[in-house]
Amino acid sequence: MQMKVTDVSLSEAVPRTLFIDGVWREAQASFEVVNPATGRALATVADASLTDARDALDAAVAAQAVWHAVAPRERANLFHRAHALLIERAELFAQTMTLESGKPLTESRGEFKLSAEFFLWYAEQIAHLHGTFADGSHGGYRIVATHQPVGPCLLVTPWNFPLLMIARKAGAALAAGCTVVTKSARETPFTSALFVKVLEDAGFPAGVINLIHTTDAAGVSSQLMSDRRLRKVSFTGSTGVGSTLLSQAAQHIINASMELGGDGPFIVLDDADIDAAVESAIVCKFRNAGQACVAANRIIVHEDVEEEFTRKFVEKTRALRVGNGLDTVDVGPIVSARQRDRVERMVNQLTEAGAEVLTGGKALAGDGYFYEPTVMRFTGACEALRDEELFAPVAAIFPVKSTAQALAFANDTCYGLAAYLFTRDISRAIALGEHLDFGMVGINRGIMADPAAPFGGIKASGLGREGGHDGIYEFLEPKYLAITVKPAQEILA
Ligand code: NAD
């Protein structure tokens with residue numbers, strides 16, 4: 001099959017420069033951003049130097065006290081204005097996301113909607129951050145416990161959810177009263193730029209949010225992380241880079257939140273509603289061309305239902321329409337030629353290791369970086385896949401003999417982000433749900449993201465949570481005031 005795709009240019013409304021201290025500004029260098037559906041340059045964007053990055057942190061540091069002093073209602077009003085502007089620009093966001101990340105327009109619209117909801121969730125929390133007041137244990141003083149913003153933050157985001165990641169991080173940080181330097185992913189700078197433009201247009205003060213794009217992610221981050229004025233890093237991306245940032249954070253004991261890789265098991269027990277499981281597995285595996293940290297990485301199916309599940313899953317996989325996300329398709333391209341080549345190598349390696357390819361298995365020739373939706377079947381655990389994220393439109397099915405074996409295999413990974421479980425038995429759902437070593441477990445559902453829920457993982461999948469009531473506290477630190485008071489009898493005598 002030969003891919004032929006249409007080319008659409010990026011809207012002139014999308015800023016192409018850095019945003020530092022309230023000003024959009026050029027850098028000395030620039031780099032090209034490629035549309036993965038065509039393989040051709042979409043536009044060029046300013047490439048921040050170490051000096052630009054330093055300027056961005058200077059601005060965030062200078063604005064910190066000002067932003068912290070803005071009254072909660074006033075801060076919330078800015079958020080509500082920004083939320084209204086976001087909604088007005090929904091289609092511009094969706095098209096930009098599709099152009100730079102490749103995801104189908106329907107998925108971009110879905111990501112937009114969820115991102116706007118996250119932003120609103122944080123806006124609603126601003127006026128509801130309470131402390132406590134208590135007597136000192138031995139009298140003579142009072143305990144006032146409150147929360148303060150941690151201080152200037154570095155936010156580092158990946159390309160696979162270009163709006164959700166920045167909206168979720170910056171929403172929480174800004175709501176908490178922190179100022180930020182946000183660094184976009186090299187592949188998807190333009191969605192971040194549109195988001196920051198919304199905040200500028202809503203009236204967020206200069207220096208509160210600063211945006212940099214760079215081809216030197218390692219250099220820029222290590223410079224910022226070695227500056228003791230930076231007080232927080234919030235990172236979403238691979239476990240390897242997260243680990244590097246954590247060791248850099250150790251130097252000045254910088255507060256860190258990490259949303260890292262996943263190796264999600266998708267368990268289908270023998271009593272599951274197979275049609276529902278197949279439907280959810282298709283979404284959970286092929287959404288964003290499989291490039292999601294919460295994707296179903298290992299589909300673990302009880303042997304009694306494996307034939308039915310696999311037959312129906314393969315049938316639905318074959319029906320998926322692959323193509324340019326601007327057209328009516330189900331699966332877009334892989335984000336880059338480098339990632340597409342990695343997928344090719346990985347599938348070849350897994351086939352050599354004994355996996356059976358039930359459908360797909362090849363890159364598509366022609367424009368862009370497309371890979372066929374693929375289903376592979378394994379007869380046992382596969383060493384080549386141990387602790388590996390497929391991160392591709394490639395499904396791996398593993399038959400198991402029992403519920404206990406399914407659980408043991410699911411937990412046999414260094415990761416602990418999202419797991420999924422399909423069963424009609426509530427007791428089994430609770431027992432497995434409680435024993436799966438993952439931060440999140442979807443029971444009879446393949447999608448869990450919700451602003452009201454704490455998103456995050458354990459083990460090598462990260463530290464901290466985004467969203468829910470916990471999300472905003474990642475950017476706040478408890479502050480305890482011990483206030484000496486004379487006994488009331490003395491005062492009132
Ligand atoms: P990545 O780690 O290569 O890149 C993520 C970000 O880190 C990008 O902005 C990149 O420019 C930057 N970066 C790269 N090298 C760096 C360095 N040495 N120092 C500082 N920053 C650096 O990850 P990716 O390939 O862009 O994204 C895929 C990974 O992200 C997968 O492992 C996926 O599971 C994970 N992810 C996790 C979540 C989650 O919430 N847990 C969400 C999305 C993606």
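# A walk around the ligand and beyond

Start with the ligand and Lys183: an oxygen atom of the ligand sits 3.0 Å from an N or O atom in the Lys183 side chain. Keep in mind on every stop that you're looking at a predicted model.

**Stop 1: around the ligand**

Stay where you are and add Trp159 to your selection. An N or O atom in its side chain is 2.8 Å from an oxygen atom of the ligand. Now click Ser238, where the corresponding distance, from a side-chain N or O atom to a ligand oxygen, is 2.5 Å. How much of the ligand's accessible area does the protein cover? The ligand has 840 Å² on its own, and the protein covers 86% of that.

Next, show everything around the ligand. You should find 26 residues surrounding it. The closest are Thr157, Trp159, Ser238, Leu260 and Glu389.

**Stop 2: the annotated domain**

Zoom out and colour residues 24–480. An unreviewed UniProt entry annotates this span as "domain: Aldehyde dehydrogenase". Switch to a cartoon view: the span is 40% helix and 22% strand. Select the C-alpha atoms at its two ends, and they lie 39 Å apart.

**Stop 3: salt bridges**

Time to look for charged pairs. How many salt bridges are there? The count comes to 29, and here are a few to click on.

Select Glu111 and Lys103. They form a salt bridge, with the closest N and O atoms 2.5 Å apart. Are these two buried or exposed? Both Glu111 and Lys103 are buried.

Now go to Arg428 and Asp270. They form a salt bridge too, and here the closest N and O atoms are 3.0 Å apart. Arg428 is in helix 13 (residues 426–435), while Asp270 is in the loop between strand 13 (264–268) and helix 9 (274–286), so the pair ties together parts that are 158 residues apart in sequence. Turn on a surface to look at the two ends: Arg428 is partly exposed, at 22% relative accessible area, and Asp270 is partly exposed as well, at 32%.

Your next pair is Lys362 and Glu372, whose side chains meet in a salt bridge at 3.9 Å, N to O. Find Lys362 in the loop between strand 15 (356–359) and strand 16 (365–366). Glu372 is 10 residues away, in the loop between strand 16 and strand 17 (374–377). Lys362 is exposed, with a relative accessible area of 51%.

Finish this stop by selecting four residues together: Arg54, Asp58, Asp227 and Arg229. Salt bridges with shared partners join them into one network.

**Stop 4: the cysteines**

How many disulfides does a search of the whole structure find? Zero. For one example, select Cys153 and then Cys178, which holds the closest cysteine sulfur. The two sulfurs are 3.9 Å apart, too far for a bond. Cys153 is buried, with 0% relative accessibility. Click Cys293 while you're looking at cysteines: this one is also buried, at 16% relative accessible area.

**Stop 5: Thr236 and its partner**

Select strand 11 (residues 232–236) and pick out Thr236 in it. Thr236 is buried, with a relative accessible area of 7%. Show side chains, and you can see which one Thr236 reaches: a 2.7 Å polar contact joins it to the side chain of Lys169.

**Stop 6: two positive phi angles**

If your viewer shows backbone angles, click Ala289. Its phi is positive, about 50°, although it isn't a glycine. Where is Ala289? Look in the loop between helix 9 and strand 14 (296–302). Ala289 counts as buried, at 2% relative accessibility.

Then jump to Phe391, another non-glycine residue with a positive phi, near 50°. Phe391 belongs to the loop between strand 17 and strand 18 (394–400). With a relative accessible area of 16%, Phe391 is buried.

**Last stop: Phe475 and Ser234**

Select Phe475, in the loop between strand 23 (462–463) and strand 24 (476–484). Phe475 counts as buried, at 3% relative accessibility. Now add Ser234 and draw a line from C-alpha to C-alpha. These two are 241 residues apart in sequence, and the line spans 9.1 Å in space.

Methods: Residues numbered from 1 in each chain as written. Predicted model: local features only at pLDDT ≥ 70, side-chain atom pairs only at ≥ 80, totals over all residues. Heavy atoms only, no water. UniProt positions renumbered as here; feature names shortened; annotations may be inferred. Helix = DSSP H or I, 4+ residues; strand = E, 2+ residues; numbered from the N terminus. Buried < 20%, exposed > 50% of the residue type's maximum accessible area, 1.4 Å probe, protein only. Near = heavy atom within 4 Å. Polar contact = N/O pair within 3.5 Å; in protein donor to acceptor, adjacent residues only side chain to side chain. Areas by Shrake-Rupley, 256 points an atom, 1.4 Å probe, with all protein chains shown as cover. Disulfide = S-S within 2.5 Å.
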